[in-house]
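Colleague: I should like to take a close look at a single part of this structure. Please guide me through that part in one connected account.

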Amino acid sequence: MRRTRKTQVFSTSSILVGLLVIPLVVVLVIFLIQPTAFSSSSSSSPSSSLETTGNEAAGNTSSSSSSTSYSVALSREETWQPQPPAQAPLFTFSNYQRGAPAPAPQIFAVDDDEGANKTVFMRSSSQLDRLEASLGRARSSIREAAKVRNKTSTHQDPDYVPRGPIYRNPNAFHRSYLEMEKLFKIYVYEEGEVPIFHDGPCRSIYSSEGRFIHEMEKGNMYRTRDPDKALVYFLPFSVVRMVQYLYMPNSNDRHGMKLAIIDYVNLIAQKHPFWNRSLGADHFMLSCHDWAPFTTSFVPLLFHKSIRVLCNANTSEGFNPSKDASFPEINLKTSEMSGLGGQSPSTRSTLAFFAGRLHGHIRSLLLNEWKGKDQDVQVYDQLPRGVSYEKMLKGSKFCLCPSGYEVASPRVVEAIYAECIPVLISDGYIPPFSDVLDWKSFSVQVPVKNISDIKNILMSISSRQYLRMQRRVKQVQRHFLVNGPPKRYDVFHMIVHSIWLRRLNIRIQDLLT
């Protein structure tokens with residue numbers, strides 16, 4: 001049958017209408033779908049995004065191929081500086097098995113093949129390969145040095161040669177220290193503004209935190225301006241300053257601190273490749289504030305993977321000696337130390353001494369058991385008028401160092417400065433530099449449950465043993481001295497050495513090798 005002109009026009013019109021309608025339908029569908037996608041990506045809170053996925057990354061270590069996306073948290077605190085980017089870019093961590101938890105990184109047990117944990121990352125880096133090769137040679141050198149069981153290091157040193165039982169292995173420590181001086185480079189992130197970043201208190205109970213931050217900012221020792229040459233990366237925030245500027249006293253509201261930590265780590269991870277490539281394992285933070293362990297928990301990878309250098313080194317609060325480092329709490333009332341030394345052992349008439357406020361249940365137990373009850377064990381919550389705290393330290397054989405609200409106490413270093421044998425009364429406390437120093441050789445450690453037996457424990461130490469321990473306190477003193485500028489083997493260098501040991505304990509490998 002022959003088509004009419006009317007039929008042809010109708011077919012042509014249908015085609016034209018179809019060509020116009022189909023694009024409109026597509027546009028309408030996109031318009032309806034797109035707002036939903038956007039709203040779902042922005043509806044989650046800034047803090048929960050990192051916390052939830054971070055916990056998955058920390059806990060799901062058995063998977064070797066899963067990938068997790070992390071969104072950068074946006075700050076909602078006007079006081080927080082610096083402000084993050086207007087948009088929230090995505091960055092991805094790949095979570096790989098690091099193996100079984102490593103033992104505490106004692107320097108005489110490091111093994112180049114099996115003793116280092118492995119953190120695998122996605123990017124190839126010949127510079128990193130060279131750095132890891134240099135660390136491998138250092139591990140081998142330290143391992144060889146550890147085979148020498150002499151009580152005196154065999155290495156030459158114009159300043160100091162470690163010797164004696166205060167060290168777990170003097171030769172291994174000395175070799176490790178020399179390798180650190182030769183190889184260790186630290187990159188300090190420049191992001192962040194004073195006073196929360198790049199600053200800290202230098203004349204208070206938290207002076208250890210501020211002094212270390214200031215020395216790193218000066219850049220005279222260990223610091224490199226080239227991040228590709230660094231072995232570790234320092235996150236230079238001060239928890240003390242966060243509490244001072246972001247926390248309202250007695251409010252129990254730490255939300256400002258939480259946002260500051262989350263935003264800062266996200267900013268670092270967005271601008272630099274180094275956090276992402278190791279899940280933060282070659283990054284470290286340092287703080288002497290009681291809240292530091294809790295503060296790091298706001299970023300799970302910071303808590304579980306990074307090196308945390310803490311005064312509050314409490315294993316019951318998540319302190320992990322295989323990756324975290326303990327450093328001493330030092331109460332500097334001025335910019336310089338004062339009053340080193342004390343009376344000779346023969347003229348120290350008081351067996352044991354403590355004076356301090358009623359902070360925490362351990363001190364309550366101590367005061368209830370001993371306050372005003374024994375002239376040999378003199379315990380005070382407040383010294384009598386006219387009695388000098390410093391003279392009591394210098395005139396006592398043993399200085400009691402009970403934990404306060406948290407495990408660390410400045411009395412440990414005060415005792416060492418006064419050449420008084422420290423008596424550590426705590427549970428779960430890891431003393432500073434325990435990888436290197438054998439605390440049993442120059443201190444007494446008393447579990448909390450044995451507070452009532454303190455006098456018997458101390459009286460059971462013979463005069464000969466006391467004299468040996470007191471000489472060792474004088475010897476170990478050099479590792480707790482605060483110097484400006486720092487001197488070799490002093491507290492600053494010992495803190496850096498603790499970080500160096502943790503870096504030796506991991507090996508970052510290229511996924512493609």
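Is Tyr389 buried, partly exposed or exposed, and what is its relative accessible area?

Modeller: Tyr389 is partly exposed, at a relative accessible area of 26%. This value, like every other one here, comes from a predicted model.

The residue is best introduced through its partner. Tyr389 forms an aromatic pair with Phe353; the ring centres are 5.8 Å apart and the planes make an angle of 55°, which makes the pair tilted. Because Phe353 belongs to strand S9 and Tyr389 to helix H12 (residues 389–394), the pair ties together parts that are 36 residues apart in sequence. Phe353 has a relative accessibility of 1% and therefore counts as buried, whereas Tyr389 is partly exposed.

Strand S9 leads on to the sheet. An open sheet is formed by 5 strands with parallel pairing, and their order is S10-S9-S11-S12-S13. Its edge strands are S10 (377–380) and S13 (444–446), each of which pairs on one side only. From one strand to the next, the twist averages 20°. At the S13 edge, the partner is strand S12 (residues 421–425), and these two strands are joined in the parallel sense over 3 bridges. Within this part of the sheet, Ile425 has Val446 of S13 as its bridge partner.

Two helices lie across these strands. Helix H11 (residues 361–370) lies across S9 (350–355), S10, S11 (396–402) and S12, and runs at about 125° to S10. Helix H15 (residues 463–476) lies across S11, S12 and S13, running at about 95° to S12.

The pair of Phe353 and Tyr389 can also be placed among the other rings. The structure holds 24 aromatic pairs. Elsewhere, ring pairs link Tyr160, Tyr167, Phe173, Tyr177 and Tyr489 into a cluster. One member of that cluster, Tyr160, has the charged end of Arg478 over its ring, 4.0 Å from the centre. A similar arrangement involves Phe303, where the charged end of Arg308 sits over the ring at 4.3 Å from its centre.

As for the wider setting, the protein chain contains 16 helices and 14 strands. It has 513 residues, of which 53% count as buried, and Phe353 is one that counts as buried. Among contacts in the chain with a separation of 6 or more, 72% are between residues 24 or more positions apart. The accessible surface of the chain comes to about 23800 Å², and carbon and sulfur atoms account for 53% of that surface.

Conventions: Residues are numbered from 1 along each chain as its sequence is written. This is a predicted model: local features need pLDDT of at least 70, side-chain atom pairs count only at pLDDT 80 or more; totals for chains, interfaces and linings use all residues. Side-chain values use heavy atoms; hydrogens and water are left out. Two strands pair if DSSP finds at least two bridges between them. Helices (H or I, at least four residues) and strands (E, at least two) are DSSP runs, numbered from the N terminus. Axes are lines fitted to C-alpha atoms, for helices over the stretch in contact, and angles run from 0 to 180 degrees between N-to-C directions. Contact means heavy atoms within 4.5 Å. Rings of Phe, Tyr and Trp (its six-membered ring) pair if their centres lie within 6.5 Å; planes under 30 degrees apart count as stacked, over 60 as edge-to-face and the rest as tilted. Buried means under 20% relative accessible area, exposed over 50%, partly exposed in between (1.4 Å probe, protein chains only). A charge sits over a ring if NZ of Lys or CZ of Arg is within 6 Å of the ring centre and within 35 degrees of the ring normal. Accessible areas come from the Shrake-Rupley method with a 1.4 Å probe; for residues, only the protein chains shown count as cover.
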